[in-house]
Amino acid sequence: MPVAPPTDLHRRGFLALALAAGVAPGLVACAHRRSWRSDPFALGVASGCPRPGSVVLWTRIAPAAEPAARESVSWEIAADEGFRSVVRAGVESAGADSAHSVHAEATGLEPSRWYWYRFAAGGARSVVGRTRTAPAAGREEALSFAIASCQRYDDGHYAAWRHMADEAPDLVVFLGDYIYESAPRRNRVRTHSGTGAAKTLADYRARYEQYKADANLQRIHAAAPWIFTWDDHEVQNDYAGDRGQDLSPAFLQRRAAAYRAWWEHMPLPASMRPADADLRVYDRYDWGRLARFHVLDDRQYRDYHACPPPGRAGSTTVDAADCPELLVAGRTILGRDQERWLADGLARRDVRWNLIAQQTLMAPFTWTREGRYWTDGWAGYPGARDRLLDTIVERAAVNPVVLSGDVHCNYVCDLKRGVDDPPDRVIATEFCGTSISSGGLPQERVAAALPLNPHIRYGRADERGYVALRVGASRVDARLRVVSDVLDPDATIRTAAAFSVEDGKPGAQRI
Ligand SMILES: [Fe+2]
């Protein structure tokens with residue numbers, strides 16, 4: 001990879017380094033020299049939301065640099081790594097009201113090509129990030145991308161991100177739990193900042209600041225554009241719509257703070273900046289005519305969990321026989337508007353693969369022969385899953401592949417309307433990728449339950465990493481990439497298993 005993390009900047013003096021390297025003339029004009037307390041770009045750079053002609057570029061002036069209430073940050077994007085051919089440049093005003101984050105939209109770009117970008121402010125310059133645009137509509141070009149989720153900071157190191165950056169994917173699809181709001185715990189491999197769980201805007205900003213300082217996370221952000229959804233831990237464990245797990249009457253204020261901080265720290269367009277506790281995240285991203293990502297939000301609009309534990313909200317594991325509410329047909333995990341939007345998108349016939357990128361395991365997973373389900377995933381909303389699978393069948397959606405995260409396990413699943421349906425009734429394929437670092441269930445428990453769930457072709461709770469996918473006209477190949485030890489910052493990587501899905505033939509085949 002051409003991008004090095006800015007590890008030496010503090011020691012060597014970022015200002016001297018930037019000036020010695022020679023700040024590009026276009027950047028100097030808008031970036032008056034000044035004295036920073038420390039490297040203003042210590043939180044790295046990122047890009048996201050790739051379209052055929054545009055991409056969003058992100059950075060945030062680090063609080064430790066002591067920025068003024070407003071700072072001018074210039075940016076440029078070039079067709080070459082050496083910035084001899086700058087194709088777009090601009091200046092953004094980074095204010096304290098947005099945590100000095102920058103969301104620059106580089107437009108007028110050519111489809112399907114790599115670009116390099118960087119920022120400058122007050123005489124300091126960021127590292128160089130690499131990004132790319134999507135292919136033009138109608139073009140069919142191969143795509144390599146990775147799905148990832150759940151990077152709990154105090155559960156491990158981010159060696160997985162370093163290995164993913166080395167693989168140089170075209171795109172990273174992040175499926176939720178970018179931060180964990182949880183309080184610091186003792187005796188962990190790393191320790192969360194602060195004194196309690198994140199609840200206020202300042203708390204959430206500080207938590208993102210801690211995560212964003214990780215060199216391996218910075219490396220993968222600087223290596224490829226990302227597209228995003230979120231899950232619960234960007235706000236609070238197990239929240240559902242407007243209700244938090246602790247039933248706090250102030251939950252919507254907390255959600256507003258958390259949504260705001262999420263936008264501030266992701267390469268999302270300025271137009272998405274939330275004004276209150278609502279933020280539309282679900283969207284579609286096309287990769288020419290090869291693939292369409294339907295990126296879903298199953299947190300903001302879902303019905304409350306069925307049969308919550310006494311005295312609080314959130315999930316539990318229930319016997320279906322003891323929880324009639326679980327089977328109420330009208331319950332929704334996406335909300336009606338998003339369900340309709342998804343159904344409309346799946347009816348379109350102008351792509352070869354429909355990739356449904358969303359948070360949590362869609363396949364049914366029972367822990368007992370009689371039916372015992374965890375209520376936070378789609379297993380807690382079986383009517384909603386049935387509606388979606390019926391939609392896929394009725395609309396004859398082309399090659400549906402579901403991409404999931406959240407459960408800190410690698411699961412490869414055949415999605416069927418009834419779990420006992422024969423193999424020729426498979427409707428879609430699901431790749432549920434394990435966590436980057438967050439801890440999983442004991443493998444013995446998952447192994448004991450797998451025979452009860454024969455539609456789950458692979459299930460491992462003891463693997464950390466990501467899924468690397470390659471999409472071509474005739475097949476999708478998925479490799480489950482697993483680190484040797486999540487507690488080891490120098491962990492190695494291997495492929496634990498690989499599967500493929502053939503054009504026109506739903507269901508995963510082991511390769
Ligand atoms: Fe998670």
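The legends below accompany close-up views of a predicted model.

**View A. The largest nonpolar core and the helix that gives the most to it****.** The largest nonpolar core of the predicted model comprises 81 residues, and those with the most contacts inside this core are Phe145, Trp161, Trp262, Phe293 and Leu403. Helix H7, which spans residues 251-265, gives the most to this core, with seven residues. A second core, separate from the largest one, has 33 residues, among them Leu388, Val407, Cys409 and Ala461.

**View B. The surroundings of Trp262****.** Trp262 belongs to the residues with the most contacts inside the largest nonpolar core. When neighbours within four places in sequence are left aside, Trp262 is in contact with Tyr208, Phe228, Thr229, Trp230 and Glu234, and also with Leu268, Met272, Leu279 and Val281.

**View C. Cys49 in the loop between strands S1 and S2****.** The loop that holds Cys49 runs between strand S1 (45-48) and strand S2 (55-60). Most residues other than glycine have a negative phi, whereas Cys49, although not a glycine, has a positive phi of about 55 degrees. The relative accessible area of Cys49 is 7%, and this residue is therefore classed as buried, the cut-off being under 20%.

**View D. Asn399 in the loop between helix H9 and strand S17****.** Asn399 lies in the loop that separates helix H9 (382-394) from strand S17 (400-404). Asn399 is likewise not a glycine and has a positive phi, here of about 45 degrees. With a relative accessibility of 10%, Asn399 counts as buried.

**View E. The largest pocket and its lining****.** The largest pocket holds about 530 Å³ of space. It is lined by 26 residues, of which Trp367, Trp374, Asp406, Val407 and Leu441 are the closest to its centre. Divided by class, the lining of the largest pocket consists of eleven nonpolar, nine polar and six charged residues. Val407, one of the residues closest to the pocket centre, is also included in the second, separate core.

**View F. Ala491 and its contacts with residues distant in sequence****.** Ala491 is placed in the loop between strand S22 (475-483) and strand S23 (493-502), and it is buried, with a relative accessible area of 2%. Apart from neighbours within four places in sequence, Ala491 is in contact with Ala159, Arg162 and His163, as well as with Val483, Ser484 and Asp485. Ala491 and Tyr158 are 333 residues apart in sequence, yet their C-alpha atoms are 9.0 Å apart in space.

Notes: Residues numbered from 1 in each chain as written. Predicted model: local features only at pLDDT ≥ 70, side-chain atom pairs only at ≥ 80, totals over all residues. Heavy atoms only, no water. Core = buried A, V, L, I, M, F, W, Y, C linked by side-chain atoms within 4.5 Å. Buried < 20%, exposed > 50% of the residue type's maximum accessible area, 1.4 Å probe, protein only. Helix = DSSP H or I, 4+ residues; strand = E, 2+ residues; numbered from the N terminus. Contact = heavy atoms within 4.5 Å. 1 Å grid on protein atoms, 1.4 Å probe; cavity = no way out; pocket = protein on both sides within 12 Å on 5 of 7 lines; lining within 4 Å. Points joined across faces, edges and corners; volume = space filled by probe spheres on them. Nonpolar A, V, L, I, M, F, W, Y, C, P; charged D, E, K, R; others polar.
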